[in-house]
Amino acid sequence: MTPKPTIIDCDPGTDDAVALWLALGSPELDVRLVTVAGGNVGLARTTANARAVVGLSGRAVPVVAGAERSLLADFRAEPAVHGADGLGGVVLPEGPALAPGIAADAIRDTLRGAAPASVTVIGLGPVTNLALAFATEPALADRVAEIVLMSGAWAEGNITPAAEFNAWNDPEALAMLLHLGRPLAMATLDLTAQAFVTPALVADLARRPGGACWQAALRILGALPASKRFGHRGFPLHDPCAVAWAIAPALFGARQAFAEMDLAAGPSRGRTVIDRWGRLGRPANLTLLETLDAPAFFDLLADRIAALP
Ligand code: BDR
Ligand code: CA
């Protein structure tokens, strides 16, 4: 097995942290670069968190800071879910220093040094950094094997009734990726709802031994608030679903679909309009992840993160 060269763009973020550890602990992925945007909390915190998460894994992956705001507006944060510190109050040791430069430049440099159609690009936050990279050197899109995003919803949203948090925070950037002409897979809210974490599941996972990353991941899972959307029974673990697709696609059921963004001002701004049944007759631009083998997903997550330092 040749590990896939991988770039991860994120906004840690509790579930981003778990997703990063899943990626860093998986031999299927060769994580070459982690880039960071603001999102769940401000950029200063998301970068500090990304450094700490990568540092705890012991992997020497450069972390580069990027967008402090979206293409057209300020990011709206989500401290009620992720805590003011972005990690649900779970304190990690300070990570290594940021690598120099700006995320979009680092993404382009990494793509430029790669073979055609070879790089997996995983987006776990607002995709401003990725859009800036491809806007400034569109020819590098040919280096992308697949873009995998946690974003959007085919049904209801979570930041507005219509829109999911990452999509809503930079809809123009997401629209650009949807029309880039490269393979793109998306784990929407409808999919991540199947990666549902309950207190009983956390107690079960906690029986597995593991190193510092696993202990920190368990503390983060224990700190996440139960969601009103699910009757306070638990919460969906969003971002690791996108990483899991890059590692183990057999865990998913998927279909090809056409999707476009609602970019108009108004109550539906940021909505991902997904044509699951081909009503529009438009060519598919999306691999839509629809079903998840949740027990196998949580096994994978635990196996990979527990094996990290
Ligand atoms: C997405 O928004 C963020 O709060 C999470 O990290 C995830 O990427 C879910 O809507
Ligand atoms: Ca995220």
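**Close-up views of a predicted model**

In this predicted model, the lining of the largest pocket brings together eleven nonpolar, seven polar and eight charged residues.

**View 1. The largest pocket and the residues around its centre.** Let's start with the pocket whose lining was just broken down by class. This largest pocket holds about 480 Å³ of space. Its lining is made up of 26 residues, and those nearest the centre are Glu-78, Val-81, Asn-158, Arg-229 and His-238. Which elements give two or more residues to this lining? They are helix 1 (14-24), helix 3 (79-82), helix 6 (165-169) and strand 8 (235-236).

**View 2. The second largest pocket.** Here the space comes to about 160 Å³. The second largest pocket has a lining of 13 residues, and Arg-45, Asn-49, Ala-52, Val-91 and Leu-92 are the ones nearest its centre. Sorted by class, the lining of this second largest pocket contains seven nonpolar, two polar and four charged residues.

**View 3. Helix 1 packed against helix 2.** Helix 1, which also gives residues to the lining of the largest pocket, packs with helix 2 (residues 43-57) at an angle of about 35°. The axes of the two helices are 10 Å apart, and the crossing of helix 1 past helix 2 is right-handed. Which residues of the two helices meet? On the helix 1 side they are Ala-17, Leu-20, Trp-21 and Leu-24; on the helix 2 side, look for Val-53, Val-54, Leu-56 and Ser-57. By class, this contact of helix 1 with helix 2 has seven nonpolar residues, one polar residue and no charged ones.

**View 4. Helix 11, a mostly covered helix.** How many of the nine residues of helix 11 (residues 239-247) are buried? The count is nine of nine, and the helix is mostly covered. Going along helix 11, the buried residues are Asp-239, Pro-240, Cys-241, Ala-242, Val-243, Ala-244, Trp-245, Ala-246 and Ile-247.

**View 5. Gly-266 in its loop.** You will find Gly-266 in the loop between strand 9 (252-261) and strand 10 (272-275). Why does Gly-266 count as partly exposed? Its relative accessible area is 43%, and partly exposed covers the range between buried, under 20%, and exposed, over 50%. For a sense of distance, pair Gly-266 with Leu-289: the two are 23 residues apart in sequence, and from C-alpha to C-alpha they are 28 Å apart in space.

Notes:
Residues are numbered from 1 along each chain as its sequence is written. Chains are lettered from A and ligands numbered from 1 in the order in which they are written. This is a predicted model: local features need pLDDT of at least 70, side-chain atom pairs count only at pLDDT 80 or more; totals for chains, interfaces and linings use all residues. Side-chain values use heavy atoms; hydrogens and water are left out. On a 1 Å grid over the protein atoms alone, a cavity is a set of points where a 1.4 Å probe fits but cannot get out, and a pocket is an open set with protein on both sides within 12 Å along at least five of seven lines; lining residues have an atom within 4 Å of a point. Grid points are joined across faces, edges and corners, and a volume is the space filled by probe spheres set on the points. Helices (H or I, at least four residues) and strands (E, at least two) are DSSP runs, numbered from the N terminus. Ala, Val, Leu, Ile, Met, Phe, Trp, Tyr, Cys and Pro count as nonpolar, Asp, Glu, Lys and Arg as charged, and the others, Gly among them, as polar. Axes are lines fitted to C-alpha atoms, for helices over the stretch in contact, and angles run from 0 to 180 degrees between N-to-C directions. A crossing is left-handed if the near helix is turned anticlockwise from the far one by less than a right angle, and right-handed if clockwise. Contact means heavy atoms within 4.5 Å. Buried means under 20% relative accessible area, exposed over 50%, partly exposed in between (1.4 Å probe, protein chains only).
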